[in-house]
Amino acid sequence: MCFSCQTAATRLAPVDAAVGSHASSTEAGHTDGPVNPAGLPTAYEHGNRLTPEGSSVDPILVEIVEGTLASVEMEVETAIARTSRSPMIRDAHDFRAGIHDRQLRKLTGRSYSALVHPIARDFPLSEMSEGDVFFHNDVYESEGGIGHLPDLCVTVPVFSGGEVVAFVQAFGHHDDIGGAVPGSMPSNAQTVFEEGLSVPPIKLWDKGVPNQAALRIMTRNSRMPDSLAADLDAECSACLMGARRLSELFERYGRDTIEAAFDAILDKTTETYRREILSKIPDGTYVWEDYAEHDGVDEPMLHTQRITLTKVSTGGPGPGDGGPKLVIDFTGTAKQAKGPINHCGDYVGGNFLKKWLAPILRNLADTPERMAELDVNEGIVPLIEMKFPEKGTLLTPIYPAPTNARTFVILRLLGVLAGVVAKAVDGRMPADQETIRYTGVYGKDRDGNDYLMREVLGGGSGGRYYADGEDTIHVVPDSRNLPTEFTESRFPFIVERLGLAVDSGGAGRHRGGLGYEKHIRMLKDANFMSIADRSILACWGVKGGKAGRPFEVTVDVGGPDERTVDALADAEVIKAGQVIRIRTTGGGGWGDPLERPYDEVERDLRWGKVSIEGALRDYGVVASGDKEAPVIDAAASDAERGRRRAERPEESPFFDRGPGYAALAEGKVAADVDWL
């Protein structure tokens, strides 16, 4: 059936059994068809092939189409970066574009993206027109594709021969969409109503004409209306441009040929992951868990996120038959939090989470170079089955549970998957990393106007079985810290230091990457804000590697009012002249730190990544001198390492969580699942 010719009644046919029904259609106000957990119809056609199984297409043309898709996606993102206005979009690059076919399948693989599903659910493709732009940010109506309200999403249909054939989409983290605090991320929110303006899927542009009433409502609710309006205009215009580029591709080669190429692109991904990645995981069942440490409302505690991973040699009925398959079961995940660390993951069979988590599996590639070549698009979806617990958990929250800090969950899940796979493959996965947190200041600028400076600072990635972790990595692809020249010229503070946080990387045969250390001196009174995790629980080390150093913010460094600020803070008062020191997380270490060669420790000393004290404490290396000319005493170091080896227990946990874990686990140094 041609998807673009569906009627509203046809859209409600029961074709999405993977989602299931969480409420009756009568309760949701519909007369037939299943509904999703938000009470909305889910039975829209999606995920199917565009051409019959076994269809062929010229492989050279497939390469041309694949390259064109990547080029169009990059052109869309470049246009947004050059025409937007807010620091989060223009400078930090906290936004993504994606291209999807008419079956809502993600075709591009540079990074994750939101979903088209909520648009197709609420607007029949047969009723769309060229020049339409759809918009949404409602977390509970986004089918899992939007995690918190500042992520605003625009979607543009692509036409060929008068019918919808694809979609261009962009979503990004915007400065402010209302709510209780500047930035729309209140750390102690207990409902989504405190987090800002929720907009379900709407038509923001109709045949090329913007809906000024809707735009006015959104800008009226924002503390930064000018930048919000400019960013939305940039995103809409860029996606419309991308739609024109894709229409030209269809016109050049014909719809049948392009759709056959789309299927071939996704088929290639499916087969590549089946052959090169899933085959590396032994058949069996493996269990591991990790934790968020606080939710902004309750006292710090272990908010469990658990994965039971089952690898089977052959998939079940449906796409992906006859080859290896992964089943990811989240049963055992903690109940939903009172505070805003929940994530709506149980929509469309976990479609968003499959593509979010899949990049972790690339670490099983034969070489780092091969890993970098592997895209994550809809082709990985048939290889993964997800099982969710009942409603009311961190991954299955019940409306209107707050979600603005859901990064604590979805970032942790990357580590949980890495950890559970590490148990299956004898540690040939990287140690943990936690490379995103939001910090910033707000107040009155030099001219007495309101300002908000918010930054997404990265941290160190985990050590790997073949190399150290990377320093100051940002988990959002192509994102970056804000340029000092820009921030000092626009906001009333001075950046006195921006560098690596010495000794922050977890010790190991391969050291964890280092986090940032940033010093900001305020020139006017202001308020500091932070949405961060890993301030108690460190990034874990694996196979003898040690945990990295946690996140920490100190205010009035060296002054009479020096104090440590909680990692979840909305309005910490900062006086003019005081310095804010931000230290982000170091990645976990991989392997025994007593096996790290002396020349690598000496290099770290010269580069200032490890201190003289850290070399002795973490690596058993006795050194003297300074970082310009460190001297290692090999004989004394051999003796020190020998003494430590002799004092070790015969068995140790496979994972090291650092000292903070015991503080929240009633003195336990390891969880039951940490042992092989």
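Contact here means heavy atoms within 4.5 Å. The model is predicted, so local features need pLDDT of at least 70 and side-chain atom pairs count only at pLDDT 80 or more, while totals for chains, interfaces and linings use all residues. Residues are numbered from 1 along each chain as its sequence is written, and side-chain values use heavy atoms, with hydrogens and water left out.

**Exercise 1. Place D570 and list its partners.**

Work out which strand holds D570, which residues touch D570, and whether D570 is buried or exposed.

Step 1. Start with the strand: D570 sits in β19, residues 568–574. Helices (H or I, at least four residues) and strands (E, at least two) are DSSP runs, numbered from the N terminus.

Step 2. Now the partners. Skipping neighbours within four places in sequence, D570 contacts V181, M185, P186, S187, N188, Y442, F528 and M529.

Step 3. Look for a polar contact, that is, a pair of N or O atoms within 3.5 Å; within protein, one must be able to donate a hydrogen and the other to accept it, and residues adjacent in sequence count only if both atoms are side-chain atoms. The D570 side chain gets to the backbone nitrogen of S187 at 2.9 Å.

Step 4. Check the burial. Buried means under 20% relative accessible area, exposed over 50%, and partly exposed in between (1.4 Å probe, protein chains only). D570 has a relative accessible area of 13%, so D570 is buried.

Step 5. For a long-range check, take G658: 88 residues separate D570 and G658 in sequence, and their C-alpha atoms are 27 Å apart.

**Exercise 2. Do the same for S530 and D290.**

Find the side-chain polar partner of S530 and that of D290.

Step 1. S530 belongs to strand β15, residues 526–531, and its relative accessible area is 0%, so S530 is buried.

Step 2. From S530, the side chain reaches the backbone oxygen of A567 at 2.7 Å. Beyond four places in sequence, S530 touches Y438, T439, F551, D566, A567, L568 and A569.

Step 3. Over to D290, in strand β7, residues 284–292. This one is buried because its relative accessible area is 2%.

Step 4. The side chains of D290 and R657 meet in a polar contact of 2.9 Å. R657 also turns up among the contacts of D290, which include H303, R412, D432, R534 and W540.

**Exercise 3. Describe the largest cavity and the second largest pocket.**

Give the volume of the largest cavity and of the second largest pocket, then say what lines each of them.

Step 1. Get the terms straight. On a 1 Å grid over the protein atoms alone, a cavity is a set of points where a 1.4 Å probe fits but cannot get out, and a pocket is an open set with protein on both sides within 12 Å along at least five of seven lines; lining residues have an atom within 4 Å of a point. Points are joined across faces, edges and corners, and a volume is the space filled by probe spheres set on them.

Step 2. Searching the whole structure turns up five cavities of 30 Å³ or more, and the largest holds about 190 Å³.

Step 3. Its lining has 23 residues, with D94, Y112, D151, R406 and V476 nearest the centre. At least two lining residues come from each of β1 (95–101), β4 (163–173), α8 (351–357) and α10 (407–424).

Step 4. Turn to the second largest pocket, with about 990 Å³ of space. Its lining counts 33 residues, and P359, I360, R362, Q433 and V475 are closest to the centre. The largest share, four residues, is from α10.

**Exercise 4. Sort out the cysteines and the backbone oddities.**

Find how many disulfides there are, and where the cis peptide bond lies.

Step 1. A disulfide is a pair of cysteine sulfur atoms within 2.5 Å, and the structure has zero of them. For C344, the nearest cysteine sulfur is that of C153, 15 Å away.

Step 2. The bond from Y399 to P400 is cis, with omega near 10°; P400 lies in the loop between β10 (384–387) and α10.

Step 3. Finish with positive phi in non-glycine residues: V348 has about 50°, and D426 is near 55°. V348 is buried at 6% relative accessible area, whereas D426 is partly exposed at 44%.
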